[in-house]
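I am opening a notebook page on this structure and will go through its side-chain contacts entry by entry.

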Amino acid sequence: MKKIITIILLAMCITPAFAQKEKSGVTYDVVLTRVIDGDTIAFQANWLPDPLKKELSLRVFGVDTPEKGFRAKCPSEDARGQAASAFTKAQISASQKRQIILMDWDKYGGRVLGDLILDGKSLRQMLIANGYAREYYGEAKTPWCE
């Protein structure tokens, strides 16, 4: 009996690490206001009460793109970060229908987690498929400067 309880408790501790890779969400049509970087965009949130700014940032869930500017750890990371941002901007510009899937608040509380759906295609999947991002679920990040 003790072994069964130990196995159940161990499974309960391990499950959240795997469960975070899959999140459900709610889909909304949105007006995008700007691209912050390759995996973060801002959108209109007119429903927010005053005096809050009527804009929220969406961090694409499950990916990590390289940093750009002063956050980059090396020139090659900066270049890759600039390329990821340009890719995201180009995909948005080329799209007709823009939706977000809201999943959760991010760990810092200032952004929401989700995905950007452009003409029915996931930005998350496009970033990974085109080499602009890696899958990332909160574990230690793999450096881009190698």
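Is lysine 54 buried, partly exposed or exposed? I looked this up before anything else, keeping in mind that the model is predicted, and found that lysine 54 counts as partly exposed, at 28% relative accessibility.

**Entry: around lysine 54**

I then looked for the partner of lysine 54 and noted a salt bridge with aspartate 50, in which the closest N and O atoms are 2.9 Å apart. Aspartate 50 is exposed, its relative accessible area being 67%, so this bridge has one exposed partner and one that is partly exposed. While at aspartate 50 I also checked the backbone, where the peptide bond leading to proline 51 is cis, with omega near 5 degrees; proline 51 itself belongs to the loop between β3 and β4.

**Entry: the other salt bridges**

I counted 7 salt bridges in the structure and followed some of them further. Aspartate 64 pairs with lysine 141, with 3.4 Å between the closest N and O atoms, and this pair links distant parts of the chain, since aspartate 64 is in strand β5 and lysine 141 in the segment after β9, 77 residues apart. I noted that aspartate 64 is buried, with a relative accessible area of 6%, whereas lysine 141 counts as partly exposed at 45% relative accessibility. Lysine 141 also lies over the face of tyrosine 136, at 5.1 Å from the ring centre.

Arginine 124 forms a salt bridge with glutamate 135, the closest N and O atoms being 3.2 Å apart. Arginine 124 is in helix α3 and glutamate 135 in strand β9, so this bridge ties together parts that are 11 residues apart in sequence. For arginine 124 I recorded a relative accessible area of 18%, and it is therefore buried. I also found one network, in which salt bridges that share partners join Arg34, Lys53 and Glu55.

**Entry: the disulfide**

Which cysteines are joined by a disulfide? I found that cysteine 74 is joined to cysteine 145, with an S to S distance of 2.1 Å, and the count of disulfides comes to 1. The link is left-handed, with -100 degrees about the S-S bond. Cysteine 74 lies in the loop between β5 and α2, and cysteine 145 in the segment after β9, so the disulfide ties together parts that are 71 residues apart in sequence. I checked the burial of each end: cysteine 74 is buried, with a relative accessible area of 18%, while cysteine 145 counts as partly exposed at 32%.

**Entry: aromatic rings**

I counted 2 aromatic pairs in the structure. In one of them phenylalanine 87 and tyrosine 132 are stacked, at 4.5 Å centre to centre and with 25 degrees between the planes. This pair links distant parts of the chain, phenylalanine 87 being in helix α2 and tyrosine 132 in the loop between α3 and β9, 45 residues apart. Phenylalanine 87 is buried at a relative accessible area of 11%, and tyrosine 132 is partly exposed at 25%. Looking for charges over rings, I noted that the charged end of arginine 134 sits over the ring of tryptophan 144, 3.6 Å from its centre.

**Entry: the nonpolar core**

Which residues touch the most other members of the largest nonpolar core? Of its 21 residues, I listed Leu32, Ile41, Phe43, Leu58, Ile92 and Leu116. The elements that give two or more residues to this core are β2, β3, β4, α2, β7 and α3. I followed phenylalanine 43 outward and, leaving out residues up to four places away in sequence, found contacts that include Val30, Leu32, Lys54, Leu58, Ile100, Leu102 and Val112.

In helix α2 I stopped at threonine 88, which counts as buried at 0% relative accessibility. Its contacts, not counting neighbours within four places in sequence, are Val35, Gly38, Ile41, Leu123 and Leu127.

**Entry: a backbone check**

Last, I looked at aspartate 119, which has a positive phi of about 50 degrees although it is not a glycine. Aspartate 119 is in the loop between β7 and β8, and I recorded this residue as partly exposed, with a relative accessible area of 38%.

Definitions and conventions:
Residues are numbered from 1 along each chain as its sequence is written. This is a predicted model: local features need pLDDT of at least 70, side-chain atom pairs count only at pLDDT 80 or more; totals for chains, interfaces and linings use all residues. Side-chain values use heavy atoms; hydrogens and water are left out. A nonpolar core is a set of buried Ala, Val, Leu, Ile, Met, Phe, Trp, Tyr and Cys residues joined through side-chain atoms within 4.5 Å. Buried means under 20% relative accessible area, exposed over 50%, partly exposed in between (1.4 Å probe, protein chains only). Helices (H or I, at least four residues) and strands (E, at least two) are DSSP runs, numbered from the N terminus. Contact means heavy atoms within 4.5 Å. Rings of Phe, Tyr and Trp (its six-membered ring) pair if their centres lie within 6.5 Å; planes under 30 degrees apart count as stacked, over 60 as edge-to-face and the rest as tilted. A charge sits over a ring if NZ of Lys or CZ of Arg is within 6 Å of the ring centre and within 35 degrees of the ring normal. A disulfide is a pair of cysteine sulfur atoms within 2.5 Å. A salt bridge is a side-chain nitrogen of Lys or Arg within 4 Å of a carboxyl oxygen of Asp or Glu.
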